[in-house]
Amino acid sequence: MWFVRSVLPLESGLNRFLSRKMRRDDDSTDLRQEVYARVYEAAGRNGLPLNARAFVFTTARNLLIDRARRERIVSMEYVADLETVTPVDDLGATERQLSAREELRRLQDILERLPPRCREVVRLRRIEQLSQRETAQHMGITEDTVERQLGKGVRILAEHFFGEEAGPEMTSAHRLRRNSGRRGEV
Amino acid sequence: MKHAEIIEDAAADWVARHDRGLSDVEQRAFDDWLGLDTRHRIAWLRLDAAWTRADRLNALAPASTVAAPRNGPRRGPRRAGGMHALRRASPVAQAAVGLAACAVLALGGHFSFIQIWGAPIATEVGGRVIEPLADGSRLELNTDSRVRVSVNPLRRQVWLDRGEAYFDVATDASRPFVINVGGPKVTVIGTRFSVLRVAEDVTVRVTEGAVEVRSENGETVVAKPGDEVTVAARTLTLTARGVERLQDEMGWRAGRLIFHDATLSDVAAQFNRHNSRKLRITDPEVAQVRIGGAFASSNVDGFASLLESAYDLRIRRSGDEIIVSR
């Protein structure tokens, strides 16, 4: 569907923009949800935008402006700065579509970064194709725990898969350097 | 915990539950949760997409399997790609994966994610949802309804399982838009119309364009603006009601119920579709009282008060019911 195909791939660019422009008290998860909800509802009301990238970016910028304006003490500089920004500057080069193999490599990378129990559950479910019950038996944990770890895993998967750039294959050192510059803390 | 975190956690829980299979009760709870807030829907879509994408990892399965407990899972050599999923998944998912594999092969395998099988969209009682579709069409869902949507480069298909939907279909002659409503099928190229399903009775109302309705036994009719087609007991009936009347029937899109000289029992039935507090009419004569007007669909209390003041009826509230009598 449109949202999954055209909006989610923009998340890494959106995160870059938000992390640069949001205030200290802002919560990036909250902002992301709000941007997506607005984009989704606007598309429902007015039809799909011709340029998803520009639309998502504009929605994000306007959201930040709205929130800034509702503060008790409005920072005119902050608002003015937001108002002058344009899509071309801030969402960067067009990300290319990954090949199936590159995507697999990326998923493998992310799998390696999951916490141990989480990683094992995802591995058993997705690679070994065990059922949740079999996964629980194999790991000697309850099915409830399997569900919880799966939930945890999928959140981290999404953070990395959508939230980070799909660049060329990165070495660990390269990845560390890029991550440290981006946000205060992940 | 912050609101955003709570939503992400809930969405993650739902992904995990879908992964093992939902019970009927859970399915209803999920539909309710989805319909409550757009944030729920987008959080769900995002995490579900990530989990589905991760299925690509099955290409890494080794030739020998994990050491198994007593009644062990599979042994044997690795098979190609998505075929693994067939052994584990529920029957519906099996068919879906099979279709997905075929479609990916047919389209040259360059798409990293194609949604082939229908993704469900549902509303709770009193709910309404607007869903943009990938082809530029728009779908609006009324109270207590459920559809499944599959729009891809080859076909545009919707299954209306329950309730009522309004469609604003983007014109595309190369991909007719088909709505499966149990047995009958509705086919359009590009138009505006609504479809209502109550068990096996179907009503199609056209406000723009041409809509072909085909019943289970192959009988077809082409409805034009202002036409209402009903399918009941495999019989097609076409009535020309006029575009304005049909638009009144679609008042729910703006949160309104509009009646022209309808019986109170019909009006009550419509309110009851949209509200969990139900009107009950105890007196058969009272049920025949004629009502006209436009009402906010969620304001069943306001309507009940109106019955007292303007129609001189008695209202008694008892639990989830509003009882109307002389």
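Visitor: What makes the two faces of strand β10 (residues 211-214) of chain B unlike: which side chains are buried and which are not?

Guide: In this predicted model, B:V211 and B:V213 point to one face and are buried. B:E212 and B:R214 point to the other face and are not buried. Buried means under 20% relative accessible area, so B:V211 and B:V213 fall below that cut-off. In a regular strand the side chains alternate between the two faces of the sheet.

Visitor: How do you know that β10(B) pairs with strand β7 (residues 185-188) of chain B?

Guide: Two strands pair if there are at least two bridges between them. β7(B) and β10(B) are joined by 4 bridges and run antiparallel, so they count as paired. One of the links sets B:V186 with B:V213 as its bridge partner in β10(B).

Visitor: Which strand do 4 further bridges join to β10(B)?

Guide: Strand β11 (residues 220-223) of chain B, again running antiparallel. Here B:E212 has B:V222 of β11(B) as its bridge partner. The hairpin of β10(B) and β11(B) has 5 residues between the strands, and B:G218 takes a positive phi near 90° in this hairpin.

Visitor: Why are β15 (278-281) and β17 (314-318) of chain B said to stand at the edges?

Guide: The open sheet has 3 strands in the order β15-β18-β17 (chain B), with mixed pairing. β15(B) and β17(B) each have a single partner strand, so one side of each is left without a neighbour in the sheet. From one strand to the next, the twist averages 25°.

Visitor: How many bridges join β17(B) to strand β18 (residues 321-325) of chain B?

Guide: There are 5, and the two strands run antiparallel. Within this part of the sheet, B:S318 stands opposite B:E321 in β18(B).

Visitor: Which strands does helix α7 (residues 264-274) of chain B lie across?

Guide: It lies across β15 and β18 of chain B, running at about 160° to β15(B). Helix α9 (residues 300-311) of chain B lies across β15, β17 and β18 of chain B, at about 145° to β17(B).

Visitor: Why are α7(A) and α10(A) called oblique to each other?

Guide: The axes of helix α7 (residues 100-112) and helix α10 (residues 143-163), both of chain A, cross at roughly 135° and come within 10 Å. Roughly perpendicular covers 65 to 115 degrees and roughly antiparallel starts over 145, so this angle belongs to neither and counts as oblique. The crossing is right-handed.

Visitor: Which residues make the contact between α7(A) and α10(A)?

Guide: α7(A) contributes A:E103, A:R106, A:L107 and A:I110, while α10(A) contributes A:L157, A:H160 and A:F161. By class, this contact has 4 nonpolar, 1 polar and 2 charged residues.

Definitions and conventions
Residues numbered from 1 in each chain as written. Chains lettered and ligands numbered in written order. Predicted model: local features only at pLDDT ≥ 70, side-chain atom pairs only at ≥ 80, totals over all residues. Heavy atoms only, no water. Buried < 20%, exposed > 50% of the residue type's maximum accessible area, 1.4 Å probe, protein only. Axes fitted to C-alpha atoms, helices over the stretch in contact; angles between N-to-C directions. Contact = heavy atoms within 4.5 Å. Parallel < 35°, antiparallel > 145°, perpendicular 65-115°, else oblique. Left-handed = near helix turned anticlockwise from the far one by under 90°. Nonpolar A, V, L, I, M, F, W, Y, C, P; charged D, E, K, R; others polar.
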